[in-house]
Amino acid sequence: MLIRLVIDLSMTVLMLVAMAYQITGNAIHELVGVLLCLLFITHNILNRRWYKTIFKGKHNVRRILSLVVNLLFLVSMAVVMISSVPISRDIIPFIPINNDTVLLQIHVMTSYWGFISWLCI
């Protein structure tokens with residue numbers, strides 16, 4: 001339980017640091033992103049029983065809304081992580097992408113939507 005709490009608190013702080021791109025710069029943003037990705041995967045592994053309970057029990061309005069917000073957050077974080085690989089300039093610079101504007105826009109927009117859904121959780 002303590003490990004889960006530390007991971008969740010670390011993810012919260014790192015997400016706020018990642019959103020401060022103009023202050024931290026690209027290298028720190030990417031490093032924080034990698035740490036967030038690892039913690040996100042760890043968090044989902046530690047809480048894998050939640051996925052088994054999605055279709056069990058009664059589904060009232062509050063539970064459905066909570067489920068939708070959590071799944072939207074999951075999808076947005078997956079898109080953010082996937083889109084970050086080709087646009088990386090410091091940690092994974094060896095993937096040549098000529099026009100990364102669309103990927104960058106997808107990355108930024110889904111990160112904002114993920115941040116908004118994270119605030120609703």
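This is a short dialogue on reading the helices, surface and pockets of a predicted model.

Me: Let's start with the overall layout. How many helices and strands does the chain have?

Reply: Happy to begin there. The chain of this predicted model has 6 helices and 0 strands. Read from the N terminus, the order of elements is α-α-α-α-α-α. Along its principal axes, the C-alpha trace spans about 50 × 30 × 25 Å.

Me: What share of the residues in the chain is buried?

Reply: Of the 121 residues, 24% are buried. The label rests on relative accessible area: under 20% is buried, over 50% is exposed, and values in between are partly exposed.

Me: Could we try that on single residues? Is serine 88 buried or exposed?

Reply: Serine 88 has a relative accessible area of 9%, so it counts as buried. You will find serine 88 in the loop between α5 and α6. Its C-alpha atom is 9.7 Å from that of leucine 104, with the two positions 16 residues apart along the chain.

Me: And serine 66, where does that one lie?

Reply: Serine 66 is in helix α5. Its relative accessible area is 37%, and therefore serine 66 is partly exposed. For a sense of distance, try alanine 78: serine 66 and alanine 78 are 12 residues apart along the chain, and their C-alpha atoms are separated by 18 Å.

Me: Now two leucines, please. Which helices hold leucine 5 and leucine 31?

Reply: Leucine 5 belongs to helix α1, while leucine 31 sits in helix α3, which covers residues 26-46. Leucine 5 counts as exposed because its relative accessibility is 56%. Leucine 31 has 48% relative accessibility, so it counts as partly exposed. From C-alpha to C-alpha the two leucines are 22 Å apart in space, with a sequence separation of 26 residues.

Me: Which residues make a nonpolar patch on the surface?

Reply: Look for Leu31, Val34, Leu35, Leu38 and Ile91. Together they make a nonpolar surface patch of about 410 Å². Here you meet Leu31 again, the partly exposed leucine of before.

Me: On to pockets. How does one find empty space in a structure?

Reply: The idea is to roll a probe the size of a water molecule over the atoms, which shows where empty space is left. In this model, the largest pocket holds about 900 Å³ of space.

Me: How many residues line the largest pocket, and which lie nearest its centre?

Reply: The lining has 31 residues, and those nearest the centre are His29, Gly33, Val80, Ser84 and His107. Elements giving two or more residues to this lining are α1 (2-18), α2 (21-24), α3, α5 (61-87) and α6 (101-120). Helix α3 gives the most, with 9 residues. Sorted by class, the lining of the largest pocket has 20 nonpolar, 8 polar and 3 charged residues.

Me: What is the volume of the second largest pocket, and which residues lie nearest its centre?

Reply: The second largest pocket has a volume of about 410 Å³. It is lined by 16 residues, with His43, Asn44, Asn70, Phe73 and Ile121 nearest the centre. Two or more lining residues come from each of α1, α3, α4 (49-52) and α5. By class, the lining of the second largest pocket holds 10 nonpolar, 5 polar and 1 charged residues.

Definitions and conventions: Residues numbered from 1 in each chain as written. Predicted model: local features only at pLDDT ≥ 70, side-chain atom pairs only at ≥ 80, totals over all residues. Heavy atoms only, no water. Patch = residues over 30% accessible without salt bridge, like charges linked within 9 Å, V, L, I, M, F, W, Y side chains within 5 Å. Areas by Shrake-Rupley, 256 points an atom, 1.4 Å probe, with all protein chains shown as cover. Salt bridge = Lys/Arg side-chain N within 4 Å of Asp/Glu carboxyl O. Helix = DSSP H or I, 4+ residues; strand = E, 2+ residues; numbered from the N terminus. Buried < 20%, exposed > 50% of the residue type's maximum accessible area, 1.4 Å probe, protein only. 1 Å grid on protein atoms, 1.4 Å probe; cavity = no way out; pocket = protein on both sides within 12 Å on 5 of 7 lines; lining within 4 Å. Points joined across faces, edges and corners; volume = space filled by probe spheres on them. Nonpolar A, V, L, I, M, F, W, Y, C, P; charged D, E, K, R; others polar.
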